[in-house]
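Student: I'm new to this one, and I'd like to look closely at a single part. Please walk me through the part that starts near the beginning of the chain, and show me how the rest fits around it.

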Amino acid sequence: MSEEAFNMSLRKFLKQVGVTSQHEIEDLVRTGKAGSGSLRVKIVLTAEGAPLNHVVEGEIQLP
């Protein structure tokens, strides 16, 4: 696989993660299931068959 193809594939995956994650969080907030104040979130990235375990944690301020 060329470097360009790899980069395009990676960007496509990351865009999908970002867009779908945003929609899920927006739905949670819109339905009132997120509570109030702030929402603690965590994403765990793993790769099947590879030693990848990357954790990103954060806090989203709610309206």
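Tutor: Happy to! Helix α1 covers residues 3-30, and its 28 residues, at 1.5 Å each, should span 40 Å (1.5 Å times one less than the number of residues). Its end C-alpha atoms are 40 Å apart, so the two values agree. This is a predicted model, where local features need pLDDT of at least 70, side-chain atom pairs count only at pLDDT 80 or more, and totals for chains, interfaces and linings use all residues. Residues are numbered from 1 along each chain as its sequence is written, and side-chain values use heavy atoms, leaving out hydrogens and water.

After α1 comes Gly32, which has a positive phi, near 80°. In all, the protein has one helix and two strands (DSSP runs: H or I of at least four residues, E of at least two), and they follow the pattern α-β-β along the sequence. The C-alpha atoms fill a box of roughly 45 × 20 × 15 Å along the principal axes.

Now see what α1 helps to line. The largest pocket (an open set of points on a 1 Å grid where a 1.4 Å probe fits, with protein on both sides within 12 Å along at least five of seven lines) holds about 290 Å³ of space, the volume filled by probe spheres set on the points. It is lined by 15 residues (an atom within 4 Å of a point), and the closest to its centre are Val17, Ser21, Lys42, Ile43 and Val56. α1, β1 (38-47) and β2 (50-61) each supply at least two lining residues, and α1 gives the most, with six.
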